[in-house]
Structures are given as C-alpha cells and as structure tokens.
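Reader: I've just opened this one up and I'd like to talk it through. Can you walk me around it?

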Amino acid sequence: MAFGINREELQAWKKAVSAGEIAFLTHYWIDPRFPGMTTVTKVGCSDLDRLTRWCKQHGLPAKYIHNRSRFPHFDLMGQRQKEILRSEGQLDQLERFKLL
C-alpha cells in the first residue's frame with residue numbers, strides 16, 4: 001500500500017519516466033514481506049539500457065528492475081535508499097520522508 005504522495009507528483013514521475021529520464025518517487029509504504037520498511041523509492045526510466053546502467057553505477061542488481069511496460073523501475077529501500085538518494089541530490093525526499 002502506497003501513501004504520502006499526491007496525483008501531481010505521480011503524474012510528474014510518470015512523465016519523466018516516459019521521457020527516458022531517471023526519475024525518483026519516494027512514498028510511504030507498508031508490505032508485510034518487508035517488516036520495518038516504511039518507505040520505498042521507485043527509480044524509473046523507460047530506457048531500460050539507461051536504467052540498467054544506473055543500477056550498475058550504484059552497485060545494484062539490474063535483474064531486480066520491475067520491467068513494467070510503461071514504467072520500468074527499481075525499488076530502493078533501507079540504508080541503500082538513503083545513501084543513493086543522498087548521492088543523487090534528492091535531499092527534498094530525504095527530508096520529507098524523515099530519512100536523514
């Protein structure tokens with residue numbers, strides 16, 4: 001279950017992903033498969049080669065890319081989520097979701 005974002009933020013992420021940009025969308029999230037995780041960041045890009053290179057650049061296994069037809073993305077959680085958001089300059093998302 002996702003919450004903590006609005007329709008405009010989701011639409012902006014979808015637009016950027018569709019344009020082949022690397023786009024970040026963090027939201028609150030609860031899933032019993034991942035106890036203790038309260039947020040997830042979806043790093044999306046419709047250009048799978050670009051998204052794969054981005055994953056490799058950050059030492060992430062590209063095999064975990066969710067290859068959704070229109071909105072391929074990689075889910076970031078936990079400590080790596082924080083580290084990568086910081087390295088990518090996504091400080092607004094770190095602050096907003098109290099990940100600092």
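Author: Happy to, and keep in mind that this is a predicted model. Let's begin just past helix 3, where G89 has a positive phi, near 75°.

Reader: Which residues of helix 3 are buried?

Author: Helix 3 covers residues 78–87. Buried here means under 20% relative accessible area. Within the helix, the ones that count as buried are G78, Q81, I84 and L85.

Reader: Why do those buried residues line one face of the helix?

Author: Look down the axis of helix 3 and check where its buried residues point. They line one face because they fall within an arc of 100°.

Reader: And which exposed residues does the face turned away from the buried side carry?

Author: For exposed, the cut-off is over 50% relative accessible area. On the face of helix 3 turned away from its buried side, the exposed residues are Q79 and S87.

Reader: What covers the buried residues of helix 3?

Author: Several elements do, including helix 2 (48–57) and helix 4 (91–96). Strands join in too, among them strand 2, strand 3 and strand 4.

Reader: Is strand 3 mostly covered or mostly open, and how many of its residues are buried?

Author: Strand 3 spans residues 39–44 and is mostly covered. Of its six residues, the number buried is five.

Reader: How many bridges join strand 3 to strand 2, and how many to strand 4?

Author: Strand 3 runs antiparallel to strand 2 (residues 23–29), with six bridges joining them, and T41 stands opposite T26 there. It also runs antiparallel to strand 4 (residues 73–76), where G44 has H73 as its bridge partner. So the counts you want, by strand: for strand 2, six; for strand 4, four.

How values were computed: Residues are numbered from 1 along each chain as its sequence is written. This is a predicted model: local features need pLDDT of at least 70, side-chain atom pairs count only at pLDDT 80 or more; totals for chains, interfaces and linings use all residues. Side-chain values use heavy atoms; hydrogens and water are left out. Buried means under 20% relative accessible area, exposed over 50%, partly exposed in between (1.4 Å probe, protein chains only). Helices (H or I, at least four residues) and strands (E, at least two) are DSSP runs, numbered from the N terminus. Two strands pair if DSSP finds at least two bridges between them. The arc is that of the directions from the helix axis to the C-beta atoms. Contact means heavy atoms within 4.5 Å.
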